[in-house]
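This report looks at charged side chains and how they pair. The structure comes below.

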Amino acid sequence: MSNDASDGRDEPSDRRFGTRSVHAGQSPDPETGAMAPPLYQTTSYVFEDADTAAELYALEGEGYIYSRISNPTVETLEDRLASLEGGAGAVATASGMAALDSAVLVLAEAGDNVVCSTDTYGGTTAYFAKTASRRDIETRFVPTLEYEEYERAIDEDTAFVHVETVGNPSLVTPDFERVAEIAHENGVPLVVDNTFATPALCRPLEHGADVVWESTTKWLHGSGTTVGGVLVDGGSFPWGEHGYEEIAGQNPAYHDVDFSRDFPEAPFAEAVRFRSLRSLGNQQSPFDAWQTLQGLESLPLRVEKHCENAAIVAEYLDEHEDVAWVTHPGLESHPTHDNASRYLSDYGGMIAFGLEGADGSDPSARGTTSRAGYEAGKRFCESVEVAQFLANIGDAKTLVIHPASTTHGQLTPEEQEEAGVTPDLVRMSVGIEDPEDILADLEHAIDAATRVRRGG
C-alpha cells in the first residue's frame with residue numbers, strides 16, 4: 001500500500017505553512033461532503049476478492065489491510081506532517097519513543113553502532129544506552145558541538161548519526177549542515193529529533209537531515225491529552241549505495257520486494273511501515289491521529305504565542321536576583337544563539353534555569369553539584385500554581401520539572417553533566433497563558449524556593 005498521497009489529497013507545494021497546517025493531506029469526504037477528517041475507528045478492511053487480498057499482502061496493490069499497518073485517518077495525519085516537514089513520506093507511531101524504536105529497527109542491526117549527541121532527552125539516552133545495547137547495538141555519545149568527535153566516532157559499522165534540533169534540556173542547537181556533511185561523507189544518514197522546534201520553527205530536512213522524528217504529543221498536538229510520534233522520510237538518501245538491506249535490495253520479510261525500487265519516493269518510510277509497524281505494533285491509533293489533526297490546525301498560532309511568552313519569561317529570569325543562571329536560545333548569552341538564529345525562525349518556548357540555593361551558591365558554579373540548588377529546584381516545582389509540575393512539554397499550559405531528580409534521574413552524575421543537566425536545573429515549557437500571570441506565578445514560586453537562603 002503506497003503512502004504517496006496519490007488520491008488527490010496532497011496540497012500544492014507553494015501553499016504556505018499556515019495553510020498547510022489546516023489543509024494538507026485532506027479534502028472533503030467524497031461520499032458525504034464532510035470537511036472535518038473522518039475518524040476511521042476500524043481494525044480491518046474488507047477485501048474485494050482473493051486476488052486483491054493477495055496483491056495487498058505482497059505489496060503489489062494499493063489499499064488497506066489492517067490498521068496496525070495503515071489507516072485512512074492516520075494517513076491523513078501522516079500526509080500533513082510530511083508536508084509540514086518538507087518530507088517525501090511519513091509514518092505516525094504510538095509515541096515519540098515508538099518512532100525512534102521503529103527507525104532503529106530498520107536502520108541498525110546487531111553489531112552496528114549509533115553516533116549520538118550528548119545534549120539529548122533522557123529517554124532517548126536511556127534507550128540507546130540501556131535498550132539498544134540489549135540488541136547488540138552500541139551507542140557512541142559525542143559532545144554535541146565538538147564536530148570532530150562525530151568524525152572520530154563514525155566507522156564502517158555506524159548505522160546513523162543522531163542529534164536534536166534543540167537539545168533537551170540544554171537547549172543547544174547544533175550546526176546541522178556541518179553534522180550532515182560529516183555523516184554523508186561517511187555514507188550514513190543524519191537522523192534529527194525535531195520535537196523542541198517543530199516544523200513551525202525548523203525543518204531539518206532543508207539543512208541536510210535525512211530522517212526527522214518527533215513526539216507529536218508535544219506542540220504538534222498542543223493540549224496534553226494525546227500521546228503520539230512520527231517519522232518523516234526526506235526521500236533523498238542513497239540507501240542502496242551504503243548497504244541498508246532493509247530499505248534497498250531484496251527485503252528479508254517480503255518476497256521480491258525492494259522498498260527503494262518499489263517505493264522510490266519514500267523508501268525509508270515504507271520500510272518502517274511494513275517492517276516496524278507490522279512487527280512491533282508501534283502504530284498510532286486512529287483516534288489519537290484524529291485528535292492530533294485538530295491540534296495541528298492551530299500550530300502556527302500557538303507556537304508564535306509560546307515563543308512570545310518565552311522571550312518575556314527569559315528576560316524576567318535573566319534579571320531576577322534569585323536566579324543563578326538562565327538559558328534560552330533567544331538570549332545572546334546562550335552558547336548556540338548564533339546557530340539558533342541561523343536554523344530557527346524563532347527561539348521556541350523552552351527555558352532552563354537554576355536558582356540560588358540556600359547556601360548562596362555563586363552563579364558561576366553552575367557545573368558544581370550544589371545540593372542547595374538541587375533542593376531549590378525541587379521546591380520551586382512544588383510551589384508553582386499557574387504552571388504545572390509534570391513530565392511533559394509543549395502543552396498550552398506552562399509546565400515545569402526538575403530533570404536531575406526526574407527525567408534524567410536514572411543517568412549517572414557524569415551522564416547528566418554530559419547531557420547538560422546540572423543539579424539545580426529547572427526545565428520550563430512556557431505556555432500560552434497571559435504572560436503577567438506566568439510572571440506572577442514564577443515570582444511566588446521563586447520566593448518560596450529561595451526564602452531559606454534569604455533568611456525568610
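Buried means under 20% relative accessible area, exposed means over 50%, and partly exposed lies in between (1.4 Å probe, protein chains only). This is a predicted model, in which local features need pLDDT of at least 70, side-chain atom pairs count only at pLDDT 80 or more, and totals for chains, interfaces and linings use all residues. Residues are numbered from 1 along each chain as its sequence is written, and side-chain values use heavy atoms, with hydrogens and water left out.

Side chains of opposite charge can pair when their charged atoms come close. A salt bridge here is a side-chain nitrogen of Lys or Arg within 4 Å of a carboxyl oxygen of Asp or Glu. The whole structure holds 16 salt bridges, including the three in the table.

| Pair | Closest N and O atoms |
|---|---|
| R135 and D101 | 2.9 Å |
| R275 and E246 | 2.8 Å |
| D262 and R261 | 2.7 Å |

R135 and D101 link distant parts of the chain, 34 residues apart: R135 is in the loop between α5 (122–131) and β3 (138–142), and D101 is in helix α4 (residues 96–107). Helices (H or I, at least four residues) and strands (E, at least two) are DSSP runs, numbered from the N terminus. R135 is partly exposed at 37% relative accessibility, whereas D101 is buried at 12%.

In the pair of R275 and E246, R275 has a relative accessible area of 18%, so R275 counts as buried. E246 is also buried, at 16%.

D262 is partly exposed, with 33% relative accessibility, and R261 is partly exposed at 48%.
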